[in-house]
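Got the viewer open? Let's take a walk through this one, selecting a piece at a time and looking at what surrounds it.

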Amino acid sequence: MTPAHSRVPADRRGSALLMALLVSIAIAAMALGAIMLASSAQLSTALTAREASLNAAANGGLEIIRDSINRGAFDSLLPDSGYTVLANNATITDAFGSAVPGISRSLYVGRTGGKTGGPATAGQYGSNFASALSVVTDIRGNTAVRRLLMTQESWAKYALAINNWSGTASYGCDESFSGPVFSNANIVIVAGCTTPKTLFHGPVNVVGTIVNQGSGSFLAGVQSGVTPIQWPTAAAVSRMQSFAQAADAANGDYDLTSPDLTVGSTNPALRIEFVPVDVNGNGIIEWDEGFMRVWVANSNCSVGLSDSVCAYATARRWPTAPGGGTAASTDPNLISRNCGAQVDLGSGTHFYNASDIYNATAGGAAAQKTAAKNALTSPTRRCFLGGDPHLFTTVTGDTLTPDSTITNTPGFGFGWWKKRRSGPWPGLSTVRSGDRSYLIPLGANPNFKGVIFVQGDVAVSGSLRGRVTVVATGNIMLADDLLYNTVPGGECDDQGDIMGAIATRNALVEDDNLQTPFAVGDTVYGGFDDTNDANYNMFVFALGNGSSGLGNVAGEWVLPPFSLPISNLAFSNPKVSPSAVAQRQGLAANGSLRVTGGLAEGRIDGGTFFVSNYGWSEAYSYDACGAVNPPPYFPTTGRFIANRYYELDPVWLRQLTVAQYFRELQAQ
């Protein structure tokens, strides 16, 4: 048996040293890693701080731009095309005014186009846009670029805006305002209101003071001594004419001229009536099924009520009496061509005007007057604005009296409906064969920018479907009810109904036979309209000039057009609504003046409730759509507010160039 061999241990001298070296290397590596991690964290922190500094400087530049254009310089800083350089690689200072080393900033600002492309569309959908661009760079080439899209505030954000307060006018204890209120002057409330007080539902801001402030109840607060807001000028508003001219190649459908260019007439020679048409026959009036038609008087109306042509256009009291001469003070409409009733003159019962009834009655003047009076006091009595189809017994359905070939003839000759210059709008042949030539499209015309411009004075009425602003270089007369086809405030998008009425002078409720009771014999009769009150859905802006009584939004401040003392007047069926009774104890003979929208008044001199038994009580409501999506190109306050921020890639912007970027923004 072979004996087993035993193993002799090897010599391991030096292994401990090797192990120590390995541990030392590991510890050194860990320490080095910790150092590198700490260094990296410090570097990252430094880079983050640098980035934050650049971004803060860029954002600060945006606010510098916004502040600059809000100081009243936006017209000079915002050219129609191109952009303005406010700073070019300028030094940045800190809160103490010390220069921040190693950082420079360039600031640019320019207009931004509207929804459908080009700077002319900015404002078409209610907003004027501008873009602020801030570019910040440090000495290492690090760059931060920020853009701020800004929107101008519209005057339509206010339920009531006032530029000047004159005279002794004051708001009564029973009046209320449902939205924001602003005044560049004072606000005057009648003294001593307790129950009720003048009620302001929205915030009230006044540059001056509120006279008799204790008579008011301010649910959303009140602030006096605020900074004034620049009132729009007539020159600024006149720019809107180009938008009307661009809407049709013929330049005449939306850019209108009144035959009476004596600016400031309260019985204008031109009137616009809005008409909805169910073109596709689906039973719904859609956003592009709104139209208008235009009545043009046949002579100059500057001589006022002595001209029957102009009295006819807006259904004023008839200026002549039977047999000629001045109309009898107690019977101003015995031979009116605007007012009449359903009667039978031998060929069946039809609507006949008082003139036709008077002339068709046998038996002499006494019998003729009696027949006309009977018609004007009958249950079927009505008055219509000039050219209305109801005024012509030969007209049925949708037929209008055509142009001058019929209406401008001996024995009539008061005016005509204006034909659309480019011919009938496609699609109307079936549904409106009788008057298709006279219906001018609104939203259906892709070139229509929402502006109807009138040189002179104009009267408006009807049922509006669409987004429209009517601009007049004179007065805008509210001749009859003007109501949206959709409920005000119910649809604030681009397909909702909204109207702006901008008058360079005054916006007045027409004192005509439809809206104001008139005398027949010794009794004053109302009910000549289809509604008891004067109802208007719109945002009214009467620019005025702050003097000479211009810029009013009110009823016409004239005494009744008959000579009987007011205290002796007897009213039959006065146009007094329950709300008017509550507000004015039944004394507002015309009923309530109801404006749902907003009022901007260049000057306040008095109220619509003029004297006992005459005038309107006031019942206003705010349409919140004015703040969200105002009427097309409605005047703005000039103040820009932040809309949204953008972070831009500096490499991309450098390749594109700032100039090209603003060209693209203005083409949006």
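Which residues are buried in helix α11 (residues 658–666)? Select the helix and colour V658, Y661, F662, L665 and Q666: those are the buried ones. Look down the axis and you'll find that they cover an arc of only 130°, which puts them on the same side of α11. Now bring up what lies over them: the cover includes the strands β2 (99–112), β3 (129–138), β4 (143–154) and β35 (636–648), along with helix α10 (650–656).

Before the next stop, zoom out. Bear in mind that this is a predicted model. The protein has 668 residues, and 51% of them are buried. DSSP-style cartoons will show you 11 helices and 35 strands. Of the contacts with a separation of 6 or more, 66% are between residues 24 or more positions apart. If you switch on the accessible surface, it comes to about 28400 Å², with 54% of that belonging to carbon and sulfur atoms.

**Strand β16**

Next, select residues 290–297, which make up strand β16. Eight of the eight residues are buried, so the strand is largely enclosed by the rest of the structure. Which residues sit on each face of β16? On one side are G290, M292, V294 and V296, and on the other F291, R293, W295 and A297; both faces are covered.

Keep β16 selected and add its pairing strands:

- β15 (residues 270–276) pairs with β16 in the antiparallel sense, over seven bridges. Look for E273, whose bridge partner in β16 is R293.
- β20 (residues 415–417) is also antiparallel to β16, with three bridges. Here V296 stands opposite W416.
- β21 (residues 440–441) runs antiparallel to β16 and is joined to it by two bridges. The pair to pick out is F291 and P441, which stand opposite each other.

**The largest nonpolar core**

In soluble globular proteins, nonpolar side chains tend to be buried together. In this model, the largest nonpolar core holds 81 residues. Which of its members touch the most others? Show I187, I272, F274, I452 and M499 as sticks: those five do. Then highlight strand β30 (residues 534–542), which supplies the largest share of this core with seven residues.

Stay with I187 for a moment. Leaving aside neighbours within four places in sequence, I187 is in contact with I162, W165, Y171, V181, V204, V206, T209, I210 and V211.

That list ends at V211, so click on V211 next. V211 belongs to strand β11 (residues 210–211). Is V211 buried, partly exposed or exposed? Its relative accessibility is 31%, so V211 counts as partly exposed. Not counting residues up to four places away in sequence, V211 touches I187, V188 and I189. Try a distance label from V211 to N186 as well: they are 25 residues apart in sequence, and their C-alpha atoms lie 7.2 Å apart.

**A parallel sheet**

Now select β6, β9 and β12. These three strands form an open, parallel sheet in the order β6-β9-β12. The edge strands are β6 (176–177) and β12 (216–218), each pairing on one side only. Between β9 (residues 198–200) and β12 there are three bridges. To find your place along that pairing, pick T198, which stands opposite G216 in β12.

**An antiparallel sheet and helix α6**

For contrast, show β17, β18 and β19. Here three strands make an open antiparallel sheet, ordered β18-β17-β19. β18 (349–353) and β19 (382–383) are at the edges with a single partner strand each, so one side of each is left without a neighbour in the sheet. β17 pairs with β19 over two bridges, and C339 has C383 as its bridge partner in β19.

Last stop: helix α6 (residues 365–376). At 1.5 Å a residue, its 12 residues should span 16 Å, and the end C-alpha atoms are 16 Å apart, which agrees. Which residues of α6 are buried? Colour Q368, A371, A372, A375 and L376. Viewed down the axis of α6, these buried residues fall within an arc of 130°, so they line one face of the helix. Their cover includes β17 (339–344), α5 (354–360) and β28 (518–520).

Key. Residues are numbered from 1 along each chain as its sequence is written. This is a predicted model: local features need pLDDT of at least 70, side-chain atom pairs count only at pLDDT 80 or more; totals for chains, interfaces and linings use all residues. Side-chain values use heavy atoms; hydrogens and water are left out. Helices (H or I, at least four residues) and strands (E, at least two) are DSSP runs, numbered from the N terminus. The expected span of a helix is 1.5 Å times one less than its number of residues. Buried means under 20% relative accessible area, exposed over 50%, partly exposed in between (1.4 Å probe, protein chains only). The arc is that of the directions from the helix axis to the C-beta atoms. Contact means heavy atoms within 4.5 Å. Two strands pair if DSSP finds at least two bridges between them. A nonpolar core is a set of buried Ala, Val, Leu, Ile, Met, Phe, Trp, Tyr and Cys residues joined through side-chain atoms within 4.5 Å. Accessible areas come from the Shrake-Rupley method with a 1.4 Å probe; for residues, only the protein chains shown count as cover.
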